Amino acid sequence: MITLTIDGRQVEALEGATLLEAARENDIEIPTLCFHEALEPYGGCRLCVVELVGPKGSQLVASCVHPAEEGAEVRTNSEMVRRSRRTTVELLLAAAPNAKVIQDLAAEMGVEQPRVRLGDNDCILCGLCVRACDEIVGANAISLVNRGFVKEVKPPFGIGSNACIGCTTCVFICPTGAIKLADVLTNRSVHEWKSDFEFRPCKICGDHYLAPELRQDYEELLVEEQV
Amino acid sequence: MKKIRTTEELEGFRETLVTGRDPEKPRVSVCCGTGCRVYGSMKVIEAFEEEIDSSGLDKKIDVVSTGCHGFCEKGPVVVLKPSGIFYQRVDAADVPGIISETMLKGRVIEELLYTDPGSGKTIVYEHDVPFYQKQRRLVLDLNGDIDPTNIEDYVAFGGYSALSKAVERMSPEEIIEEVGNSGLRGRGGAGFPTGLKWKLCRKAEGDTKYVICNADEGDPGAYMDRSIMEGNPHRVLEGMIIGARAIGAHQGYVYIRNEYPLAVENLRIAIAQAEACGFLGNNILGSGFDLSIQIRPGSGAFVCGEETALMASIEDRVGEPRPRPPYPAVSGLWGKPTNINNVETWANVPIIIERGGDWYSQIGTADSKGTKIFSVVGNINNTGLVEVPMGATLSEIVYDIGGGIPGGKACKAVQLGGPSGGCVPVEHFDVPIDYESLQELGSIMGSGGMVVCDEDTCMVELARFFMSFVQEESCGKCVPCRLGTKAMLDVLTRITEGNGQDGDIEYLLELGEQIKESSLCGLGQTAPNPVLSTIRYFRDEYEAHIQDTCCPAHVCKPLIQYSIDVEACTGCGRCLRACPVEAISGEKKEPHIIDQEKCIKCGSCREVCKFDAVMVE
């Protein structure tokens, strides 16, 4: 165990823990967007920044990836931290004004109207869907493509991916509801990935379920129909 | 090529090379760096070879195709050795004359000499050219002498003797101590002490370690590293081999951008030659030390110059930075301790080992040692590569070496460190350049790109340009960099279009500070610098754009208007013919007028007018 100071409190943390883990273990809440306990931390949303007090002055670090070190002094709710989070949330609100989770965060932090408009896309590129598809499902059907402001989540080449198994993990893990799922009768489609699947009836219970091996047949069928 | 197995064999080889060469034999050194090649230096070298061949002089004159001499403004550059006669803007047609007149009869050809714009004097010898006189060339010293594709040239000029010394007489710890004593700091821009970096990596636990040369030079206008690799790739390799031995690495990578075809080619040749000679491979010079170096070409993402993104790219993953710690010295490439240095840093290492850390540390200022290469571009008379000791002033670089501003215009500022740096206005040109002084001025040393801005440069537009660059090159992983740079760019764009609002400057300052504080990697942490520093020194220009919708430098197109002064216009018709959109009308010998609806504000009319009748406001 190591000892560090968070918000003036001496706390203990496991060796190798991140600052976020150390804080949450001690009931100190830090907001996050791109963090998920089941996934490798990403350090992208910068909402979890905390102030690390050092000999040369304070710096902001992303608590989800920064290791908790013996003797460290951390502030999770200082003016420096709050100012940074407000800026981050204002930028997110400017880019995803209709995302409920962003609206809630903005309201909580007192951010009203963003001073710029950066579009209207619910996807905030937190990468949770991509990491979940890779690390949990193992399908690796989608990835982050392009860079900068035009970065987006896509299946390879932007066309329906053979690797997608229609498990919908991405749909459930998305914090903003940007990935839309439609189960209509015996058909399932994940809009963002252009993936369509047909359910099969179970021979025993009669319920419909999705057979992975069906996917390819179904796609071939679709192609034939178009011809 | 014969393998060299011991340090004695290396010295023997060097002696054979040196004694086999007559120092008095005429040698034509033709600059074949990328800049001079663009000006046609390959045709010049062909002409030399043909002419020498056909006149039967091939035993009497050597022709060397060298790397960049630095004076790119005057390319193709030809230096005749050993006399040092300096010819500039040489054309293939000049070659027969150079041979018959200068080389055979000793007569200097006046038209090919360099004229100093300051004094108006023509200058015969290279060492008298003011551009070279005030420089201190340590890293670039051999660029004008050696053929970079011939390892024998490098060895004959003393190459690999530092390696010989390092493997024969120095322990890894001693090498690190020597580099530490020299005071060498990273030339990539951040200025981390190199000796300390090596020490951390040597101490890190693990049997497998790596060394990497960061050759992903990407700042607009910067080409120092390219010219080192093009002109003297063996010096970079020698530095890496010494570093790898000090750290305990047996595998090295050079991550080089593929847009540098000549540098990639010369480096590839150099690696193959070093392997053939036994400077790379197993049991280097009988020391028992093994090292292999591979080239990894980058595909043009600016962010891959950031060390963690660079390593991800070498690992065949997407070139995105990851948070530090862990630092590469502890967990780098494939999770192993890794030491990354920039090209210029590596190239300094053989010099330090050869001449000693104490000698090296005498050059420079208290905390910044050695020399620094700058690529001086923009509104400057002598565009080129300049190597000066740390502590030189900007006014020395811009006026004494750079020859001042073209057209007798005034200098406004220089932008250092590219999109991560900031501008230094002319009133601070006498501050000695070192890592700390530049930081205090709101700029950075950076990798050495220096863009000179004359009085006609709009600093808001300059800031907007750099912001559009980083905004496009941001990897997009973290919110402040991805969205923050876009927000800053949008605000800057509306200011340059005349739609700036009250509070825009304050918003830029606030957002800039936040992006610096909270971004994940060095790209975002420095991206706002050009904006913050131009606001710091040229706030009045921002205010003029926002409050008076006027661009004081007459650059921002939506804010300017061209018109013709009826008093001055003679109706010569030059502007009318030059206008690409037929916006100018008027009878001969009558004053012309510009149709503002059609005018695209390209400025062609103003450029061609001989009577200064075209006004811009």
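This is a tour of a predicted model, in selections to make one after another.

**Stop 1: the two domains of chain A**

Select chain A and colour residues 2-109 and 128-226 separately; the domain assignment calls these domain 1 and domain 2. Where they touch, domain 1 of chain A contributes 11 residues and domain 2 of chain A contributes 8 residues. What is the make-up of the side of domain 1 that touches domain 2 in chain A? That side has 9 nonpolar residues, 1 polar and 1 charged.

**Stop 2: the sheet of chain A**

Stay in chain A and show the strands as a cartoon. An open sheet of 5 strands runs in the order β2-β1-β5-β3-β4 (chain A), with mixed pairing. Now select residues 9-13 and 57-62 of chain A: these are β2 and β4, the edge strands, and each of them pairs on one side only. From one strand to the next, the twist averages 35°.

Next pick residues 49-54 of chain A, strand β3, together with β4(A); the two run antiparallel and are joined by 6 bridges. To look at one bridge, click Val49(A), whose partner in β4(A) is Ala62(A). In general, the strands of a sheet pair through backbone hydrogen bonds, in either the parallel or the antiparallel sense.

Add residues 79-95 of chain A. This is helix α2, which lies across β3, β4 and β5 (73-75) of chain A. Looking along β3(A), the helix α2 of chain A runs at about 145° to that strand.

**Stop 3: where the chains meet**

Show chain A and chain B together. Their contact takes 26 residues from chain B and 26 residues from chain A. Which elements of chain B give two or more residues to the side that touches chain A? Select α18 (459-473), α19 (479-496) and α20 (504-518) of chain B to see them. Of the elements there, α19(B) gives the most, with 9 residues. Coloured by class, the side of chain B that touches chain A divides into 13 nonpolar, 6 polar and 7 charged residues.

**Stop 4: a sheet in chain B**

Hide chain A and go to the strands of chain B. Here 4 strands make an open sheet in the order β2-β1-β3-β4 (chain B), and the pairing is mixed. Residues 62-66 (β2) and 85-87 (β4) of chain B are the edge strands, each pairing on one side only. Neighbouring strands in this sheet are turned by 20° against each other on average, direction ignored.

Select residues 27-31 of chain B, strand β1, which pairs with β2(B) in the parallel sense over 5 bridges. Cys31(B) has Thr66(B) as its bridge partner in β2(B). Then add helix α3, residues 41-54 of chain B, which packs on the sheet and touches β1, β2 and β3 (78-81) of chain B. The direction of helix α3 of chain B makes about 160° with that of β1(B).

**Stop 5: a helix pair in chain B**

Finish with residues 233-247 and 261-277 of chain B, helices α11 and α12. They pack at an angle of about 55°, with their axes 9 Å apart, which means that α11(B) is oblique to α12(B). The crossing of α11(B) past α12(B) is right-handed.

Show side chains for the contact:

- from α11(B): Pro233(B), His234(B) and Leu237(B)
- from α12(B): Asn266(B), Leu267(B), Ala270(B), Ile271(B) and Ala274(B)

By class, the contact of α11(B) with α12(B) has 6 nonpolar residues, 2 polar and no charged ones.

Notes: Residues numbered from 1 in each chain as written. Chains lettered and ligands numbered in written order. Predicted model: local features only at pLDDT ≥ 70, side-chain atom pairs only at ≥ 80, totals over all residues. Domains from an automatic or database assignment. Contact = placed C-beta atoms within 7 Å. Nonpolar A, V, L, I, M, F, W, Y, C, P; charged D, E, K, R; others polar. Pairing = 2+ DSSP bridges. Axes fitted to C-alpha atoms, helices over the stretch in contact; angles between N-to-C directions. Parallel < 35°, antiparallel > 145°, perpendicular 65-115°, else oblique. Left-handed = near helix turned anticlockwise from the far one by under 90°.
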